[in-house]
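Dear colleague,

I am passing on the structure below, and I would be glad if you could look through it with the notes that follow at hand.

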Amino acid sequence: MIVLVMGVSGSGKTTIGEALARELGWKYLDADDYHPRENVAKMAAGVPLEDSDRWPWLDKINEELLKIQKRGESAVVGCSALKQAYRERLARGLRDFEIVYLRGDFPLIQSRIAARKHRFMPATLLQSQFDTLEPPKDAIVIDVAEPMEKSVAAIRERLGLPRAVRGDRDHRRRT
């Protein structure tokens with residue numbers, strides 16, 4: 001299974017995605033790690049990405065997810081995936097793809113972004129992310145105002161997945 005944890009910048013994709021992956025004993029992938037230098041430079045300069053910037057990036061992530069699936073493993077990927085077309089691009093060729101949408105209102109997310117420093121995503125781009133956002137229709141929706149532990153437990157429950165047993169290295173292959 002591949003679980004996409006998506007939402008605007010500051011919604012908690014990395015925090016919740018890493019915690020979920022840890023609890024399940026799965027690999028975690030941060031989509032930001034797959035951006036080409038040109039995309040990073042644009043965002044760092046406060047310039048929103050265009051679809052033409054995103055397609056190669058999303059294809060690269062999809063290739064990695066297909067490799068994970070081919071090995072019979074599961075993973076959690078944190079990615080903004082704000083549009084339906086982006087989510088479809090990420091899911092292309094994957095048999096078991098679930099979406100978790102981290103939903104939060106602008107003031108809450110804005111306060112979170114103000115309290116942190118992202119490596120290349122300036123707070124000035126937050127409004128453009130909300131403007132671009134196409135909330136998914138078939139997703140597990142998590143209110144990001146809830147505590148992280150409660151959110152992770154709710155995701156696991158909705159996916160019907162137990163916590164990984166410590167030292168259970170074969171858990172990835174069974175799911």
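**What was found**

Leaving out residues up to four places away in sequence, Glu64 touches Lys27, Leu29 and Tyr34. Please keep in mind, for this and for everything below, that the model is a predicted one. Glu64 belongs to helix α3, which covers residues 51-70, and you may ask whether this residue is buried or exposed. Glu64 counts as buried because its relative accessible area is 16%, and the cut-off for buried is under 20%.

The strands are a good place to go next. Strand β4, made up of residues 97-103, has five of its seven residues buried, and it is therefore largely enclosed by the rest of the structure. Strand β1, residues 2-6, runs parallel to β4 and is joined to it by five bridges; within this pairing, Val5 has Val100 of β4 as its bridge partner. β4 also pairs with strand β5, residues 140-143, again in the parallel sense, over four bridges, and here Leu102 stands opposite Ile142 in β5.

Which residues touch the most other members of the largest nonpolar core? They are Val3 and Leu4, in a core that holds 48 residues. When its neighbours within four places in sequence are set aside, Val3 is in contact with Leu20, Trp26, Ala75, Val76, Val77, Glu98, Val100 and Leu159, and you will recognise Val100 from this list as the bridge partner of Val5.

With best wishes

Key: Residues are numbered from 1 along each chain as its sequence is written. This is a predicted model: local features need pLDDT of at least 70, side-chain atom pairs count only at pLDDT 80 or more; totals for chains, interfaces and linings use all residues. Side-chain values use heavy atoms; hydrogens and water are left out. A nonpolar core is a set of buried Ala, Val, Leu, Ile, Met, Phe, Trp, Tyr and Cys residues joined through side-chain atoms within 4.5 Å. Buried means under 20% relative accessible area, exposed over 50%, partly exposed in between (1.4 Å probe, protein chains only). Contact means heavy atoms within 4.5 Å. Helices (H or I, at least four residues) and strands (E, at least two) are DSSP runs, numbered from the N terminus. Two strands pair if DSSP finds at least two bridges between them.
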